[in-house]
Amino acid sequence: MQLRKLLLQPSSPLRVLLSSKYPFPLLQKCSRFSSSSSSESQIPNSHSVEPLDDNRSEHASTAISIDRSGLYNPPGILLALVYFISFQFRGGPISVAEYMEEVLTNPKAGFYINRDVFGAEGDFITSPEMVGVWAMCLWEQMGQPNRVNLVELGPGRGTLMADLLRGASKFKNFTESLHIHLVECSPTLQKLQHHNLKCMDENNANDNVEERTISSLAGTPVSWHAALEQVPSGFPTIIVAHEFYDALPVHQFQKTTRGWCEKLVDIAEDSSFRFVLSPQPTPATLFLLQRCKWAADKELEKLEHIEVCAKAMELTGAMAKRIGSDGGGALIIDYGLNGVVTDSLQAIRKHKFVDLFDNPGSADLSAYVDFASISHSAEEASERVSVHGPMTQSQFLGSLGINFRVESLLQNCTEEQAESLRTGYWSLVGEGEAPFWEGPDEQAPIGMGTRYLAMAIVNKNQGVPVPFE
């Protein structure tokens, strides 16, 4: 109903966008994904003994490949990271989450920290224009406040936010209300975001006025933060988390004769890394108990492994509390499941699955997102928020009008542009390999329309967000 009203309004962002002749920024820049199987299953279990042997590469073909390992890592940096991780074992084995966090975000040699891991082809697999429409529609439902925090978690190269601002630049009331906040821990990526958002640093003669950074794309101020907690509160907040949750560190548990044991990372006699099981409950067991409380007994009975993302649960709780008190909402788009995740952690280097312990810091690590856990975490953190979804990305973008948008663009483009549009469109909303593809098999676009899910968390006072009616 809300979507229909927006389409009928002559000045609505959705109607203006669908009738525009300007091309989709995203459909020309979709990331390349590879998957050797169309199976929706998670990576099968490959760790079942104490100590555990890792044979993940034999089973990896059933998982999604999200490749962000574009650039070369100097061997010295990799060795330094291995040494640093090994140094952590002075107190005994470490959790999989601790290992994952060091590999990805170690200040000296973490995978995400000192280089651009996304490459030139873009760093997203959704439509910035449609995300922008969602944000504008939510802003209208909020009563069009004159000050809004627009927050992106893990903004990559800043491409999604840049395209969002370009698409929204015609809607001055909306863009003039925005203050962009980018939550990014990598200094290298912060510089890329500054460049791609075409930022300028304002010099103020008045000593009492702080210097501001302004994006010339829409004249909006931009700030960077290491964590969501640093974003100023007290203002309505719209949060975008696209391909952010999948990189948060996960704890892994295995069912044994003595109950659920956490899987840990240890050093073997030959100085290589190996998996072992904790002999007693660990601090993360509290998060496992919470996750099991949210699951049905029948769902848990058949499971031998469970993956729990404590940071996702805590982050979602913090987001929900802020949205509940300040107003606004969050849009989460990622690949995952609406249920318990078992054993999905994977390492990807140059579009291929590799061993989790192979040259730490040279491969991307990611895991399926447990959307059911996100939903429960938000609802328990604040009674003032409501959770909507998840729905597939295909449903999300389709309901926002992407089909009509593509049809409109195809009427005003060259054959080369049309091919690019069809390829990008399939990557967004299709499933499996594109049936129309005539090029090399290894370059065939893989549709992520059902692999990616979208979920919204909003303040209850704002009603049901588009397009979750």
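## Contacts, cores and strands: worked exercises

Asp370 and Arg291 are both buried. The model in which these residues are examined is predicted.

**Exercise 1. Determine what joins the side chains of Asp370 and Arg291, and where the two residues lie.**

Step 1. The two side chains meet in a salt bridge, with an N to O distance of 2.5 Å.
Step 2. This pair links distant parts of the chain: Asp370 belongs to strand β16 (residues 369-370) and Arg291 to helix α9 (residues 285-293), 79 residues apart.
Step 3. As stated at the outset, Asp370 and Arg291 are buried.

**Exercise 2. Establish which residue forms a salt bridge with Glu101, and whether the partners are buried, partly exposed or exposed.**

Step 1. The structure holds eight salt bridges.
Step 2. In one of these, Glu101 is joined to Lys311, and the closest N and O atoms are 2.5 Å apart.
Step 3. Glu101 is found in helix α4 (residues 96-105) and Lys311 in helix α11 (residues 310-326), so the bridge ties together parts that are 210 residues apart in sequence.
Step 4. The relative accessible area of Glu101 is 30%, and that of Lys311 is 36%. Buried requires under 20% and exposed over 50%; Glu101 is therefore partly exposed, and Lys311 is therefore partly exposed.

**Exercise 3. Carry out the corresponding analysis for Glu129 and Arg405.**

Step 1. A salt bridge is formed between Glu129 and Arg405, whose closest N and O atoms are 3.6 Å apart.
Step 2. Distant parts of the chain are linked by this pair, with Glu129 in helix α5 and Arg405 in helix α14 (residues 402-410), 276 residues apart.
Step 3. Glu129 has a relative accessibility of 9% and counts as buried. Arg405, at 0%, counts as buried.

**Exercise 4. Classify the aromatic pair of Phe275 and Phe357, and describe the surroundings of Phe275.**

Step 1. Nine aromatic pairs are present in the structure.
Step 2. In the pair of Phe275 and Phe357, the ring centres are 5.0 Å apart and the planes make an angle of 45°. Planes under 30 degrees apart count as stacked and those over 60 as edge-to-face; the pair of Phe275 and Phe357 is tilted.
Step 3. Phe275 lies in strand β10 (residues 273-277), while Phe357 lies in the loop between β14 (352-354) and β15 (364-366), so the pair ties together parts that are 82 residues apart in sequence.
Step 4. Both Phe275 and Phe357 are buried. Together with Tyr99 and Phe273, they form one aromatic cluster.
Step 5. The charged end of Lys263 sits over the ring of Phe275, 5.1 Å from the ring centre. Elsewhere, the charged end of Arg147 sits over the ring of Phe235, 4.0 Å from its centre.

**Exercise 5. Identify which residues touch the most other members of the largest nonpolar core, and which helix contributes its largest share.**

Step 1. The largest nonpolar core has 51 residues, of which Trp134, Leu165, Leu197, Ile238 and Phe396 touch the most other members.
Step 2. Helix α5 (residues 128-141) supplies the largest share of this core, nine residues.
Step 3. A second, separate core comprises 48 residues, including Tyr112, Leu345, Phe357 and Val385.
Step 4. For Leu165, with residues up to four places away in sequence not counted, the residues touched are Leu178, Ile180, Leu197, Ser215, Leu217, Ala218 and Thr220.
Step 5. Phe396 is buried, its relative accessible area being 0%.

**Exercise 6. Determine how many residues of strand β7 are buried, and which strands pair with β7.**

Step 1. Strand β7 (residues 237-242) is mostly covered, with six of its six residues buried.
Step 2. In a regular strand, side chains alternate between the two faces of the sheet. In β7, Thr237, Ile239 and Ala241 are on one side, Ile238, Val240 and His242 are on the other, and all are buried; both faces are thus covered.
Step 3. Strand β2 (residues 148-153) runs parallel to β7 and is joined to it by five bridges. The bridge partner of Asn149 in β7 is Thr237.
Step 4. Strand β12 (residues 328-337) also pairs with β7 in the parallel sense, over six bridges. Here, Ala241 has Ile332 of β12 as its bridge partner.

Technical notes
Residues numbered from 1 in each chain as written. Predicted model: local features only at pLDDT ≥ 70, side-chain atom pairs only at ≥ 80, totals over all residues. Heavy atoms only, no water. Phe/Tyr/Trp six-rings, centres within 6.5 Å; stacked < 30°, edge-to-face > 60°. Helix = DSSP H or I, 4+ residues; strand = E, 2+ residues; numbered from the N terminus. Buried < 20%, exposed > 50% of the residue type's maximum accessible area, 1.4 Å probe, protein only. Lys NZ or Arg CZ within 6 Å of the ring centre and 35° of its normal. Core = buried A, V, L, I, M, F, W, Y, C linked by side-chain atoms within 4.5 Å. Contact = heavy atoms within 4.5 Å. Salt bridge = Lys/Arg side-chain N within 4 Å of Asp/Glu carboxyl O. Pairing = 2+ DSSP bridges.
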